[in-house]
Amino acid sequence: MPKRKPRRVALDLAGLSGREQLFRLSGAVKRDPAVERWLTDGTIELKAIAQQWFSKIRECGGDVRELIHDGCPVACVEDAAFAYVNTFKTHVNVGFFCGASLADPAGLLEGSGKRMRHAKLTPGREANVAALRALIAAAYADIKMRLDAERAANNA
C-alpha cells in the first residue's frame, strides 16, 4: 500500500497574530450616483426599506464612503467595508462585514460565515429599530477601531 501524504492545513496567520484582514474596496466616495440609482430603482416597497437603513448607515459619520460592490450598496470607512444593504425577492438584508464579532443581544443577526452577518427585514413585519440602529453604530465603531489598531501596528 502506498504511503499517504500528510494532509496540509492552511494557517490563518492574521488570526494567529490577533489581527484579521479587513475587506478593502477601492473607489468609494462620499455620495455615489450609482448607489442613488440602486436605491431608487426596482420594487418600491423593498427599496424603501433599503433606503431607510442605508441612510442610517450614511449618518454614522462624515468619513463614511460608499460604492456598489457585488450589485449592492456598500459603506466603507476609508477603503474598509463595514455595512451593506441588498434586496431580494421578499426581503432586505442589512449586512455587516465583521458582523460575527458584533454583540447582538436582540438576536437579529443571521448567517454562519466566518465574519459576515446580516439582519433580514421583511415588508409588513416590524423591525427592531433600536437594535438595528445599535448594530449599525457598533459596526461603524468596530471598523474605526480596527483601522486605528492596524495603523498603530504598522507604526510600531
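**Close-up views of the predicted model**

**Figure 1. Burial and overall make-up of the protein chain in a predicted model.** Of the 156 residues of the protein chain, 37% are classed as buried. The chain exposes about 9,600 Å², and carbon and sulfur atoms contribute 53% of that area. It contains four helices and six strands, which follow one another from the N terminus in the order α-α-α-β-β-β-β-β-β-α. Among contacts with a separation of 6 or more, 58% join residues 24 or more positions apart.

**Figure 2. Confidence along the protein chain.** The average pLDDT of the protein chain is 89, and 87% of the residues score at least 70. In residues 9-18 the pLDDT is below 50, and this stretch makes four contacts in the model beyond near neighbours in sequence.

**Figure 3. The open six-stranded sheet.** The strands are arranged in the order S1-S2-S3-S4-S6-S5, with antiparallel pairing. Strand S1 (64-69) and strand S5 (109-110) are at the edges; each has a single partner strand, so one side of each lacks a neighbour in the sheet. Strand S4 (residues 92-96) pairs with strand S6 (residues 117-121) in the antiparallel sense over five bridges. Within S6, Arg-117 is the bridge partner of Phe-96.

**Figure 4. Helices H2 and H3 packed on the sheet.** Helix H2 (residues 33-40) touches S1, strand S2 (72-77) and strand S3 (80-87), and its direction makes about 65° with that of S1. Helix H3 (residues 44-58) also packs on the sheet, where it touches S1, S2, S3, S4 and S6. The direction of H3 makes about 165° with that of S3.

**Figure 5. Surroundings of Arg-65 in strand S1.** Arg-65 has a relative accessible area of 27%; it is therefore partly exposed, since buried would require a value under 20%. Lys-30 is 35 residues away from Arg-65 along the chain, yet the C-alpha atoms of the two are separated by 4.6 Å. Leaving aside residues up to four places away in sequence, Arg-65 touches Ala-28, Val-29, Lys-30, Val-74, Ala-75, Cys-76 and Glu-78.

**Figure 6. Two loop residues with a positive phi, Asp-70 and Glu-78.** Most residues other than glycine have a negative phi. Asp-70, which is not a glycine, has a positive phi of about 50° and lies in the loop between S1 and S2. Its relative accessible area is 70%, so Asp-70 is exposed, the cut-off being over 50%. Glu-78, also not a glycine, has a positive phi of about 55° and is located in the loop between S2 and S3. Glu-78 counts as partly exposed because its relative accessibility is 43%, which falls between the cut-offs of 20% and 50%. Glu-78 is also one of the residues that Arg-65 touches.

**Figure 7. Helix H4 and its buried residues.** Helix H4 (residues 129-155) comprises 27 residues. From its first C-alpha to its last, H4 reaches 39 Å, close to the 39 Å expected at 1.5 Å a residue. The buried residues of H4 are Ala-131, Leu-132, Leu-135, Ile-136, Ala-139, Tyr-140, Asp-142, Ile-143, Arg-146 and Leu-147. An α-helix has 3.6 residues a turn, so residues three or four places apart point the same way.

How values were computed: Residues are numbered from 1 along each chain as its sequence is written. This is a predicted model: local features need pLDDT of at least 70, side-chain atom pairs count only at pLDDT 80 or more; totals for chains, interfaces and linings use all residues. Side-chain values use heavy atoms; hydrogens and water are left out. Helices (H or I, at least four residues) and strands (E, at least two) are DSSP runs, numbered from the N terminus. The expected span of a helix is 1.5 Å times one less than its number of residues. Buried means under 20% relative accessible area, exposed over 50%, partly exposed in between (1.4 Å probe, protein chains only). Contact means heavy atoms within 4.5 Å. Accessible areas come from the Shrake-Rupley method with a 1.4 Å probe; for residues, only the protein chains shown count as cover. Two strands pair if DSSP finds at least two bridges between them. Axes are lines fitted to C-alpha atoms, for helices over the stretch in contact, and angles run from 0 to 180 degrees between N-to-C directions. pLDDT is the predictor's confidence in each residue, from 0 to 100.
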